Amino acid sequence: MRLLPSLTAFALTACFGAALPLPVSAAPAPVSAPAPGSSRAEFLRVVTSAPALVAAARRTSAAEARVAAAGRLPDPTLEGMGSRMVGPMDERSTMYEVNLRQPLPKAGERAADRDRARATAAMAGADYALMAGEMAADTAMALAEADGAQERIRLLETQLNRLDAVLRSVEVRLASGGGRLADRLTIQSRLAAMQLMVAEERTMAEDALAAARGRLGLAASAPLPAFAAPDAAEIRPDDAAVLQLAAARVSEANAMMRMARASGRPMTSVGVRYEQNRTAMGDENTVGLAFMTDLPWRSRRYARAEQRAASAERDAARTDGDAARFRITTALSRVQRAAELADTARRLSRETVQRLNAEYDAMLRAAGVGANAGAAMGGDSTVFQLVELLEKITDTELQVVRAETALRTAQAELWRYLPTAQFQPQT
């Protein structure tokens with residue numbers, strides 16, 4: 001993209017009575033490069049400080065603390081009893097009895113309960129990382145949309161300034177008795193339409209920033225971090241939070257199946273019994289052992305139903321994991337396609353602007369330069385041709401911005417699949 005020679009500016013001055021803006025604009029700054037490490041660290045710090053994630057981190061701590069309480073052994077029970085007997089012949093005796101009983105867990109129940117608690121803790125940790133990835137992705141997408149809207153506003157305001165300069169030149173011609181009133185009305189209508197576009201883009205940017213603050217639990221005046229996104233090379237599907245969560249759900253389902261099998265087994269308990277009976281003839285002491293078990297006639301049927309339910313949950317978790325792998329692969333391919341589209345948009349933008357410059361030069365050369373330049377360029381279509389050239393250049397730059405924003409949005413989605421170790425709860 002180059003500046004037109006000064007001769008072009010002279011021709012425009014001769015035509016409209018004042019120098020018009022040149023239809024050349026610097027290429028919009030690329031917005032697709034990931035933020036530096038310090039910006040990424042600040043981005044993660046703000047995200048993990050969100051109230052929703054702080055609450056999720058506390059739930060993870062609670063689940064980890066419950067692991068120590070899993071697989072508990074029932075406490076023994078101690079029972080004491082005393083009685084006084086008076087017989088028909090005024091026989092009297094006193095009896096004391098003490099029972100110590102220890103309930104026994106069902107075979108495999110404690111180990112299955114511990115595995116279930118560990119799986120629950122793993123699910124809580126994966127759920128935290130999944131929530132953090134979702135929040136980071138949504139926030140980064142909102143920031144990308146806001147940045148893209150701000151860049152579009154900059155281009156539209158540049159176009160507004162250009163059209164305003166054209167309008168002033170047309171008004172100068174009208175004041176000197178030349179030009180057409182229709183030209184001024186047409187340009188004014190286009191200015192009004194572009195002002196509405198700028199207002200819409202500004203509203204879109206403000207809405208995106210407000211949405212980001214809402215997700216992060218920030219006040220309306222709180223600053224937001226800069227856009228940041230992981231690199232595609234960092235994504236390892238097996239370490240993604242969504243797959244870690246699916247694996248934890250499989251582990252939990254396996255533990256629930258084992259607990260269901262254990263629940264169909266009989267519950268037993270053993271005990272020691274001591275009894276003393278004091279009579280007039282002397283004391284009688286009795287020591288005995290006790291054993292108790294239930295008959296699991298009904299519980300086995302219920303246990304089989306629970307096993308079938310746990311098996312279905314395990315299959316569902318495995319299916320969710322397979323679907324998540326496809327989503328990760330799709331997200332990575334989307335980033336690649338968006339990057340290729342952004343590169344193509346930049347290249348074609350440069351080529352298109354060069355052709356528009358050549359078209360602009362050709363229009364001026366056809367009009368001629370010199371004393372008759374003003375008459376030569378005074379045709380009815382001259383203003384419209386100039387305005388269309390300016391709008392084509394702006395549209396070309398807007399296409400680049402849209403492609404860059406699409407690339408940033410695709411990169412932001414990779415936060416959902418970053419390894420869980422990247423999301424550390426705030427202490």
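Where do Glu151 and Arg154 lie, and how many residues apart are they? Both sit in helix H4, three residues apart, which is about one turn of the helix. Welcome to a quick tour of this chain, which comes as a predicted model. The protein chain has nine helices and four strands, and buried residues account for 39% of its 427 residues.

**Overall layout**

- Following the sequence, the elements of the protein chain come in the order α-α-α-β-β-α-α-α-β-β-α-α-α.
- The helices picked out below include H4 (residues 109-175), H5 (residues 181-216), H6 (residues 241-263) and H7 (residues 299-367).
- Of the strands, S2 (92-104), S3 (268-279) and S4 (282-293) come up again with the nonpolar surface patch.

**Helix H4**

- Helix H4 is built from 67 residues, and the distance from its first C-alpha to its last is 96 Å. At 1.5 Å a residue one would expect 99 Å, so the modelled reach is close to that value.
- Just after H4, Gly177 adopts a positive phi of about 95°.
- Ile153 belongs to helix H4. With a relative accessible area of 4%, Ile153 is buried, because the cut-off for that class is under 20%.
- Ile153 also has a partner to look for in the viewer: its C-alpha and that of Arg202 are separated by 7.1 Å, although the two residues are 49 apart along the chain.

**Helix H5**

- The 36 residues of helix H5 (residues 181-216) should span 52 Å at 1.5 Å a residue. The C-alpha atoms at its ends are 53 Å apart, which agrees with that expectation.
- Which residues of H5 are buried? They are Asp183, Ile187, Leu191, Met194, Val198, Glu201, Ala205, Ala208, Ala212, Arg213 and Leu216.
- A reminder helps when reading that list: an α-helix has 3.6 residues a turn, so residues three or four places apart point the same way.
- Just after H5, Gly217 takes a positive phi of about 70°.

**Salt bridges**

- The structure contains 23 salt bridges; a few of them are described here.
- Within helix H4, Glu151 pairs with Arg154, and their closest N and O atoms are 2.8 Å apart. Glu151 counts as buried at 14% relative accessibility, whereas Arg154 counts as partly exposed at 36%.
- Salt bridges with shared partners join Glu134, Asp138, Arg215 and Arg416 into one network.
- Asp115 and Arg258 form another salt bridge, with 2.3 Å between the closest N and O atoms. This pair links distant parts of the chain, since Asp115 is in helix H4 and Arg258 in helix H6, 143 residues apart. Asp115 is partly exposed at a relative accessible area of 24%, and Arg258 is partly exposed at 31%.
- The side chains of Arg416 and Asp138 also meet in a salt bridge, at 3.2 Å from N to O. Here again distant parts of the chain are linked: Arg416 is in the segment after helix H9 (381-413), Asp138 is in helix H4, and 278 residues separate them.
- Is Arg416 buried or exposed? Arg416 is buried, with a relative accessible area of 14%, while Asp138 is partly exposed at 24%.

**Surface patches**

- Leu78, Val98, Leu100, Val272, Tyr274, Val287 and Leu289 make a nonpolar surface patch of about 730 Å². Strands S2, S3 and S4 are the elements that give two or more residues to this nonpolar patch.
- Within that patch, Leu100 lies in strand S2. Leu100 has a relative accessible area of 42%, so it falls in the partly exposed class.
- A positive surface patch is formed by five arginines, namely Arg298, Arg300, Arg301, Arg304 and Arg308.
- One of these, Arg300, is placed in helix H7 (residues 299-367). At 47% relative accessibility, Arg300 is partly exposed, because exposed would require over 50%.

Note on methods:
Residues are numbered from 1 along each chain as its sequence is written. This is a predicted model: local features need pLDDT of at least 70, side-chain atom pairs count only at pLDDT 80 or more; totals for chains, interfaces and linings use all residues. Side-chain values use heavy atoms; hydrogens and water are left out. Patches are made of residues with over 30% relative accessible area and no salt bridge: like charges are joined within 9 Å, nonpolar side chains (Val, Leu, Ile, Met, Phe, Trp, Tyr) within 5 Å. Accessible areas come from the Shrake-Rupley method with a 1.4 Å probe; for residues, only the protein chains shown count as cover. A salt bridge is a side-chain nitrogen of Lys or Arg within 4 Å of a carboxyl oxygen of Asp or Glu. Lys and Arg count as positive and Asp and Glu as negative; His and the chain ends are not counted. The place of a charge is taken as NZ of Lys, CZ of Arg, CG of Asp or CD of Glu. Buried means under 20% relative accessible area, exposed over 50%, partly exposed in between (1.4 Å probe, protein chains only).
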